[in-house]
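User: Could you take a close look at one part of this protein for me, the main sheet and what sits around it? I'd like one connected walk-through rather than a list.

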Amino acid sequence: MNLPRKPTDMTLPETETQIIQHIRAQQSAMEIRLADMVAIPTGHDFSQGLNSMRVSLAARLRSMGAQVVEMAAAQRPTWITPNDRGEIGSPTLVARKLQGRGGPTLLIAGHMDTVHDPAGDFQTLSPLNHPRATGPGAADMKGGLEVALSALEALEKFAPTVRWIFIINADEEAGSFRSAEHLASVAKECDAGFVLEPALPNGGLVVERLGSGQFMIDVLGRAAHSGRDFANGISAVNTLAQCVLQAAGMTDLKRQRIVNIGPLQGGAATNIVADHARAWGNIRFANSQDGQQLSGEIQAMASGDAAHLPQITIQMAVNRPAKPCTQEVSQLALMAQSVAKDLGFDLATGSTGGVSDANLIQAAGVPCLDGLGVRGGNLHRGDEFIELDSLSERATLLALLLLRVSADDTKKIARG
Ligand SMILES: [Zn+2]
């Protein structure tokens with residue numbers, strides 16, 4: 001016989017047992033609600049989809065008695081993407097349920113945007129081999145939103161004294177430039193953070209993330225006919241190519257320093273010396289010192305001025321500081337592992353080079369546990385999938401974790 005390890009419900013406090021049973025009974029309802037969310041396209045800044053998603057999330061949060069507000073999108077630097085169309089951007093949703101007497105305030109963070117094309121073929125949640133299903137944003141992170149909402153609904157029903165704030169932005173996949181200041185200001189009201197990005201491939205939580213920054217290399221040269229006047233031209237493309245190779249050479253995987261380049265733009269036609277060329281890129285780094293050094297090295301490539309072509313200009317935004325696994329983060333991870341043990345499964349922890357809003361929340365001074373969302377895979381691809389059974393599994397894990405951290409005497413976990 002191959003029976004799963006039996007959860008030790010019997011030894012748990014009654015409230016926890018009630019929450020476990022309640023969420024288990026929600027599994028099919030969670031799948032239906034997830035399918036509804038996945039069917040709303042929220043990729044590529046698609047405001048119509050983001051608006052309808054925000055309205056539906058707000059209604060569900062209000063039905064828990066939360067006070068819900070929208071925070072207008074901040075301005076994003078126009079150089080960040082090659083084809084910034086100057087959109088205003090969708091607001092961030094913030095729901096507060098600050099009840100009970102004292103106790104830590106817990107921050108739950110998620111994003112409603114995905115990377116998927118709202119006009120593409122990948123639009124709905126479709127079953128694969130059970131319990132797997134595929135859909136745009138099913139794992140990253142509409143599954144995570146469903147996990148958090150179901151966990152909070154269970155807490156509202158059985159443990160309504162847990163104090164929480166749920167922040168859901170609409171531009172996490174684009175770097176959170178429009179919501180970063182909202183994440184930082186809301187984090188200042190909170191003591192511990194819980195982020196609903198998908199679990200690591202082994203189901204583990206994310207305790208540590210590299211930092212990330214965006215840059216653009218802009219080169220001006222002088223146009224000339226390639227046949228009649230070549231010697232008078234100054235090729236922006238050639239200079240950009242040298243810069244690209246120089247920047248790429250700054251990668252040092254042993255030190256977790258990464259420079260990735262792309263996309264590129266340059267030149268108007270093959271018979272014209274290019275007078276303008278640009279490249280965008282991304283850096284990753286393990287700590288703030290490395291981040292400063294790497295961004296400094298890239299910025300040092302800037303040279304020339306309008307009178308001395310080629311002119312190289314560098315734009316740089318280190319928008320996500322590294323998120324180390326601090327002692328407070330380890331403590332939160334231990335609490336999550338102890339919940340998982342009580343639920344009958346093992347929970348690993350790990351680090352990743354991927355970044356998330358956990359970087360921003362922790363940079364604002366709040367210890368943050370990430371990867372609490374669903375198990376799934378092929379993220380950001382046209383075959384992204386979710387393990388559906390992880391919906392109720394992770395919602396139970398999150399609900400009990402929030403409950404236990406909330407009950408944790410005197411903000412031991414918290415920054416205090
Ligand atoms: Zn995500």
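Analyst:

**The six-stranded sheet**

Here we have an open sheet of six strands in the order β1-β2-β6-β3-β7-β17, with mixed pairing; strands are DSSP E runs of at least two residues, helices are H or I runs of at least four, and both are numbered from the N terminus, while two strands pair if DSSP finds at least two bridges between them. Bear in mind that this is a predicted model, where local features need pLDDT of at least 70, side-chain atom pairs count only at pLDDT 80 or more, and totals for chains, interfaces and linings use all residues. Residues are numbered from 1 along each chain as its sequence is written.

The edges are β1 (67-71) and β17, each of which pairs on one side only. Over β1, β2 (92-97) and β6 (163-169) lies helix α3 (residues 47-62), running at about 5° to β2. That angle is between N-to-C directions, on a scale from 0 to 180 degrees, with axes fitted as lines to C-alpha atoms, for helices over the stretch in contact; contact means C-beta atoms, placed from the backbone, within 7 Å.

Now zoom in on β7 (residues 192-195). A192 and F194 point one way, G193 and V195 the other, and all are buried, meaning 20 or more other C-beta atoms within 10 Å of a residue's own (12 or fewer is exposed, in between is partly exposed, and C-beta atoms are placed from the backbone). In a regular strand, side chains alternate between the two faces of the sheet.

On one flank, β7 pairs in the parallel sense with β3 (residues 105-111) over four bridges, and I108 stands opposite F194 there. On the other, β7 and β17 (residues 368-369) are also parallel, over two bridges. Across that pairing, F194 has L369 as its bridge partner, and G193 stands opposite C368.

What about the packing around it? The largest nonpolar core has 84 residues, with L107, L398, A399 and L402 making the most contacts inside it; such a core is a set of buried Ala, Val, Leu, Ile, Met, Phe, Trp, Tyr and Cys residues joined through C-beta atoms within 7 Å. Helix α4 (residues 138-158) supplies the largest share of this core, 11 residues. Leaving aside neighbours within four places in sequence, A399 touches I19, I23, A151, A154 and L155. There's also a second, separate core of 21 residues, including I217, L220, L240 and F285.

How values were computed. Contact = placed C-beta atoms within 7 Å.
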